[in-house]
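Student: Please take one part of this model and look at it closely, following its neighbours outward as far as they help to place it. I would like one connected account, with each term given its cut-offs.

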Amino acid sequence: MDITIQPRFSYYSLIKSLFSTNNQISTTDYLLNTGRASLFTLLNHKLKNAESIETVLLPELICDDVSEVITKLRIPISYYPLNEQLDPDVDFIANNIPDNHSILLVPNYFGSASNWKDILDLKNYHNITIVEDNAHSLFGDYNDQSFGTIGDISFNSLRKILPTLGGSILKFNDKQPEDIKKSERLPNMHELKVSLASLKPLLFKKYPSALKSLDSSMSSVNSMDVFSKQIYNKISRETICSIRKENYKFWQQYLKNVDIEPIKLREPSCPYVYPCYARNFSEVEKFIEWGKINNITIINIFPDQVFNKKDFIILKKYYAFNIVEKVEIDKNITYQLIK
Ligand SMILES: Cc1ncc(COP(=O)(O)O)c(C=O)c1O
């Protein structure tokens, strides 16, 4: 079976949601289909409201999808470095922010909070809008403040954590926009195919990627489908987080005696994956191979780009253990294979 890093869509979760009394969605949330769509929408909103944006500051470690959106809107990009804990280098940012209005994008990597106190302090001296990127971090908090409410604007990416088809919540914490329309839609043909593949995996050699449905991220039809909305709104946050935490702890324990270098992040309350630094390419290859034998997806994240952006970036590459699969691997893995 080909297992994906993200949970598959689940009709079970959809049906279960019909009997739940949870209500995650607030009236001020904008419901879009991807993190990219949220980023596109918020930048477009800023541009339309006559706020010229001098630059968008991105961390050196970010997937290309993000820069694609910004380039499409013809906004200049600059990059800032991170430390070993993946915290932004605020001194570097303070010294390099242009005087005119800029946007600073800060991810809470892998479900862990960033160094928010120092980041928010930047606002006292600089003309910036801080975008909190929770693409890896659906549920969590920083000093009792929920993820999504820390930056001036925030967005997430539901399908990475939940068994949805897609979805992203865009929140404006500073000033509510008046020009963004809210809309709903049924799943499109491709999304229906993805949902059916989850029911009949044997009919589909490979579980179809949700990617096709993401093409519309940068168009006007980029709202969340109603299946994903229903699952997100009604899901039990506690259940999801406790399973993920348990799986994260499993990896922590399991890899204790293995010679690897985990990325030391702040304790995540709803982890995305278990990330490790790669010391060399053969180490990554070894783990990917080991994962194939044991039916575990080991992802080699951001493979080449980390070294390309600017001269000052010498951040190590890294890989991550999928924590959604822990249940399957529990009985099978052996230490010998890792050595
Ligand atoms: C840090 C970060 N931000 C944003 C995104 C874009 O999210 P989406 O795939 O929902 O468009 C990603 C995608 O992986 C990401 O890793």
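**Strand S9 and its surroundings**

Tutor: Within strand S9, Phe 172 is the residue that serves as bridge partner to Ile 153. The model is predicted, so local features are taken only at pLDDT of at least 70 and side-chain atom pairs only at pLDDT 80 or more, while totals for chains, interfaces and linings use all residues. Residue numbers start from 1 along each chain, as its sequence is written.

The bridge to Phe 172 belongs to the contact with strand S8 (residues 153–156), which runs antiparallel to S9 over 3 bridges; strands here are DSSP runs of E with at least two residues, helices are runs of H or I with at least four, and both are numbered from the N terminus. S9 also pairs with strand S1 (residues 30–32), again in the antiparallel sense and over 3 bridges, where pairing requires that DSSP find at least two bridges between the strands. In that contact Leu 32 stands opposite Ser 168 of S9.

S9 itself covers residues 168–172, and because 4 of its 5 residues are buried (20 or more other C-beta atoms within 10 Å of their own, the C-beta atoms being placed from the backbone), the strand is largely enclosed by the rest of the structure.

Seen from further out, S9 belongs to an open sheet of 7 strands with mixed pairing, in the order S1-S9-S8-S5-S4-S2-S3. S1 and strand S3 (77–80) are its edge strands, each pairing on one side only, and neighbouring strands of the sheet are turned against each other by 20° on average, with direction ignored; such angles are taken between lines fitted to C-alpha atoms, on a scale from 0 to 180 degrees between N-to-C directions. At the S3 edge the pairing is parallel, since strand S2 (residues 55–59) joins S3 in that sense over 4 bridges, and Pro 59 there lies opposite Tyr 80 in S3.

Back at the S1 edge, the loop that connects helix H1 (11–17) to S1 contains Ser 26. This residue lies 9.9 Å from Ile 169, C-alpha to C-alpha, although 143 residues separate the two in sequence. Ser 26 is exposed because 9 other C-beta atoms lie within 10 Å, exposed being the word for 12 or fewer, with partly exposed covering the counts between that and buried.
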